[in-house]
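The exercises below ask you to read a fold from its strands, rings and contacts. Work through each task with the sequence and the coordinates at hand before turning to the solution.

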Amino acid sequence: MYLRKIVSVVVTVFICITTFAQGNKNTIAGSVYNEEKQALSDVSVHISALNKSTSTDSNGHFVFENIPNGFYSLEITGVGYRTLKSKIKVSEQNQNFSFELKSDTTSLENVSVLGYTSVQRTNRQAYNVTAIDAQKFQNTTLDIAHVLDKIPGARLRETGGVGSDFDFSISGFSGKRVKYFLDGVPIDYMGASFQINNIPINFAERIEVYKGVVPIWLGSDALGGAVNIITGNKLRNFLDISYSYGSFNTHRSNINMALTSKKGFTFRLNAFQNYSNNNYKVTVDAANLYTGKYTEDTTVRRFHDQYHNETAIAQIGFVDQKWADQFLVGITLGQYYKQIQTGARIEAVFGAWHTKGNIVTPTLKYLKKDLFTKGLDVTLNANYNLGQDQSIDTVHARYGWSGDSINYRGKGGESWHGYNLYKYKNNLGNASATITYKLGAQHYIGLNDVFSHFNRKGYNAVAPYSPIDDIPQKTDKNILGLSYQYKASDKWNTTVFGKYLYQRSYTTLIVTDVLNSGDTTYQNASVKLNKFGYGLATSYFIQPQFQVKFSYEKANRLPESDDLFGDAINKEGNWNLKPESSDNINLSFNYTLPFNEHRLYFSATGIYYQAKNFIYYTFNSYTNTMKADNLLDVSNMGAEAEVRYSYKRFFTAGINATYQNIRDRQKYRIDLPDVLSNTYKERIPNIPYLYGNADASVFFGDVFAKNDRLSIGYNMLYVHSFYLYWKNEGAADTKRTIPEQLAHDANVVYSFKDGRYNVSLECKNITDKRLYDNFSLQKPGRAFNIKFRYFINR
């Protein structure tokens with residue numbers, strides 16, 4: 001009832017404000033369909049007389065505002081369809097039109113770049129990039145991370161259910177080597193309430209995944225790749241509300257909306273919430289704490305794994321002004337609560353330890369194309385996180401999987417931190433500027449500079465006078481990038497670039513004289529690091545349907561705050577880490593074969609990298625945590641491939657596979673330079689090396705009502721087993737492995753009233769298999785979800 005009232009108020013306010021914003025101006029809206037009456041997204045609609053353009057949304061809708069009375073010619077262009085020109089008469093305040101595009105299988109050879117969708121334009125870049133149309137998944141319960149898990153070369157590993165820790169890899173690079181951005185702005189500052197495995201897919205319009213080589217305008221020291229979440233701004237007035245419920249008492253909700261007046265004043269809101277008990281069953285070797293009785297392979301429920309988060313991003317400002325295309329001032333607010341069930345292994349059971357925190361982040365964005373002179377584009381961004389986190393471990397007890405516990409006298413905790421109520425602020429600020437200048441029709445120059453500041457301040461509230469709490473943990477980082485692009489034609493373009501990285505870190509080292517006095521001293525320390533990187537990316541279309549790409553980067557990554565100082569939970573810091581560097585090479589091709597009403601798509605990529613000072617996390621059995629260290633020399637030679645087929649708008653299917661051969665190339669031991677390393681040429685452990693996905697979907701139109709749509713989909717995930725430790729260590733019959741995964745999912749989605757109302761049903765892990773991304777940390781079993789979504793675009 002309460003949720004219904006909130007939705008009612010939001011819809012009423014939305015309608016009232018948009019009606020006021022329209023005033024006496026004419027608004028025309030329309031829908032674009034194909035011959036099967038199926039809605040077409042990302043179709044370009046242009047009114048030449050007014051020099052106005054827009055594109056259709058995921059439901060095939062478009063809107064033009066502030067249109068004077070008169071006769072106009074609309075030009076509608078979509079890839080794979082004949083261009084439609086239609087005359088319309090505008091004489092009323094609100095008018096609706098409907099258009100049908102005819103298929104044209106030869107259009108791929110003739111359409112200009114302006115006719116491609118934003119996803120297709122991104123994929124045509126010279127970089128090894130995969131763009132995902134997020135709108136195709138917006139009726140599902142998937143978050144952004146699980147959508148990314150479907151593309152070749154990418155792998156998502158989670159330690160549990162909703163809100164669990166995750167590790168996302170691109171072509172074998174994972175952890176902090178992969179950077180994440182929201183509309184080109186780093187999202188590190190947003191904290192634990194905002195990470196890719198709790199952001200709903202409805203938040204995004206599309207997602208861009210750069211593999212191996214990262215363009216300078218993202219302004220990062222990513223070593224292996226980057227993920228850029230594009231929220232989009234083509235819908236000036238819309239409302240998108242969804243709610244889902246699923247197994248393990250999982251609730252997710254999401255509200256996206258925008259209100260824009262005729263004069264360009266705009267308000268935007270993106271808000272989402274996740275909640276789950278995560279009380280799914282796991283199979284463990286459990287011991288009764290009182291009797292000591294040991295039971296192998298017993299099934300128990302997770303009992304201390306509740307998670308919830310709430311996040312809202314609000315922006316207010318102006319768009320389409322003479323002085324700014326976008327000027328937005330915003331605030332990001334959020335909070336989270338997370339119970340910790342296990343350590344890095346399932347044997348370490350906790351029953352009271354938990355974390356919580358909040359986000360308070362003011363933001364600023366300015367964007368202007370053709371500033372002062374034609375061809376000069378400027379983008380400015382700034383933000384600063386003022387939020388606070390807490391790690392609360394104040395129960396002196398031991399818990400077991402049987403639900404039993406033993407309480408101890410005195411003060412203490414469950415984890416290696418001991419008696420601890422650590423309150424800390426990971427204050428992270430970020431400021432960036434991007435300038436691009438077009439010289440004629442073929443030359444482009446880009447300049448980007450990003451400065452970030454990290455400052456962790458914390459104290460133990462139950463031991464407030466500990467000198468350890470006063471230890472500074474600070475980093476200042478600046479990344480400067482310069483690029484030049486030569487675009488000879490729509491067939492060939494090349495970009496060369498350089499990056500300069502600088503970082504200074506501050507802390508206090510605790511030094512104990514164990515050989516003599518045994519005294520402990522505190523020594524202030526700082527480290528300056530600087531690196532220079534460079535690279536190129538080139539693309540050539542042998543035929544309009546056949547593209548070849550090559551890219552290379554001398555990439556560098558400076559140690560992050562979590563690497564140097566730890567994360568205050570399950571990661572230890574290592575002040576002595578060195579910067580990583582890598583020579584990354586990508587060679588790929590893609591080919592589209594249209595014939596009649598069928599379309600076949602092939603892509604393949606070969607990757608090679610040679611990394612120095614590779615930062616690698618190992619398990620510390622004493623503290624039950626992970627700690628980073630450097631491996632001097634690591635290489636990877638791998639490949640990824642994908643095949644997709646579609647028939648009309650009725651059926652689509654695809655399969656992809658990834659293989660990566662990540663090896664230790666350090667020939668001699670670091671501590672004994674004359675002794676051959678026993679891991680030389682061995683595969684790096686605890687990293688999946690062979691995996692793939694398959695999917696198939698069928699679509700039906702006009703099933704129960706005109707212009708409704710029913711889809712039935714299937715997804716499959718396969719991951720080959722891999723070793724937890726080095727292959728040559730330990731006896732063959734006792735080697736620990738992460739077992740093979742084979743998971744099957746299915747979904748049914750029904751949309752009606754031109755996509756305004758949507759209902760979906762999903763089943764994940766249909767066969768209820770035991771699934772593991774990490775050793776012993778079992779993922780959820782079979783789960784069911786239902787989602788309701790309402791969407792309106794005025």
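**Exercise 1: a residue in a loop**

Asn 198 lies in the loop between β12 and β13 (206-211), where helices (H or I, at least four residues) and strands (E, at least two) are DSSP runs, numbered from the N terminus. The model is a predicted one, in which local features need pLDDT of at least 70 and side-chain atom pairs count only at pLDDT 80 or more, whereas totals for chains, interfaces and linings use all residues. Residues are numbered from 1 along each chain as its sequence is written, and side-chain values use heavy atoms, with hydrogens and water left out.

Task: Determine whether Asn 198 is buried or exposed, and list which residues it touches, not counting residues up to four places away in sequence.

Solution. Begin with accessibility, for which buried means under 20% relative accessible area, exposed over 50%, and partly exposed in between (1.4 Å probe, protein chains only). Asn 198 has a relative accessibility of 0% and therefore counts as buried. Next come the contacts, defined by heavy atoms within 4.5 Å. With residues up to four places away in sequence set aside, Asn 198 touches Asp 143, Ala 192, Ser 193, Phe 272, Asn 274, Tyr 307 and Asn 309.

**Exercise 2: the sheet around that loop**

Task: Establish in what order the 5 strands of the open sheet that includes β12 and β13 are arranged, and explain why β8 and β12 each have one side without a neighbour in the sheet.

Solution. Two strands pair if DSSP finds at least two bridges between them. On that criterion the order of the open sheet is β8-β13-β14-β11-β12, and its pairing is mixed. Because β8 (129-133) and β12 (185-186) stand at the edges with a single partner strand each, one side of each is left without a neighbour in the sheet. For β12, the pairing with strand β11 (residues 178-182) is antiparallel and consists of 2 bridges, and Phe 181 stands opposite Pro 186 in β12.

**Exercise 3: an antiparallel sheet**

Task: For the open sheet of 4 strands that contains β2 and β5, state which order the strands take.

Solution. The order is β3-β2-β5-β6, with antiparallel pairing. Its edge strands, β3 (52-55) and β6 (84-90), each pair on one side only. Neighbouring strands of this sheet are turned by 25 degrees against each other on average, direction ignored, the axes being lines fitted to C-alpha atoms (for helices over the stretch in contact), with angles that run from 0 to 180 degrees between N-to-C directions. At the β3 edge, strand β2 (residues 44-47) pairs with β3 in the antiparallel sense over 4 bridges, and His 46 stands opposite Ser 53 there.

**Exercise 4: pairings along β31 and β37**

Task: Trace how many bridges join β31 to β30 and how many join β37 to β36, then follow each path onward.

Solution. Strand β30 (residues 492-512) and strand β31 (residues 520-543) run antiparallel and are joined by 21 bridges, with Tyr 500 opposite Phe 532 in β31. From β31, a hairpin of 2 residues leads to β32; β31 and strand β32 (residues 546-557) pair in the antiparallel sense over 9 bridges, and Lys 549 in β32 is the bridge partner of Ser 539.

On the second path, 14 bridges join strand β36 (residues 625-647) to strand β37 (residues 651-664) in antiparallel fashion, with Ala 641 standing opposite Ala 657 in β37. The hairpin of β36 and β37 has 3 residues between the strands, and in it Lys 648 takes a positive phi near 50 degrees. Strand β38 (residues 690-701) pairs with β37 in the antiparallel sense over 9 bridges, with Ala 694 in β38 as the bridge partner of Ile 655.

**Exercise 5: aromatic rings**

Task: Identify which residues are linked by ring pairs into a cluster with Tyr 750.

Solution. Rings of Phe, Tyr and Trp (its six-membered ring) pair if their centres lie within 6.5 Å, and planes under 30 degrees apart count as stacked, over 60 as edge-to-face and the rest as tilted. The structure holds 33 aromatic pairs. Among them, Tyr 750 and Phe 752 are stacked, at 5.3 Å centre to centre and with 25 degrees between the planes. Tyr 750 counts as buried at 19% relative accessibility, while Phe 752 is partly exposed with a relative accessible area of 27%. Ring pairs link Phe 704, Tyr 750, Phe 752, Tyr 757 and Tyr 790 into the cluster.
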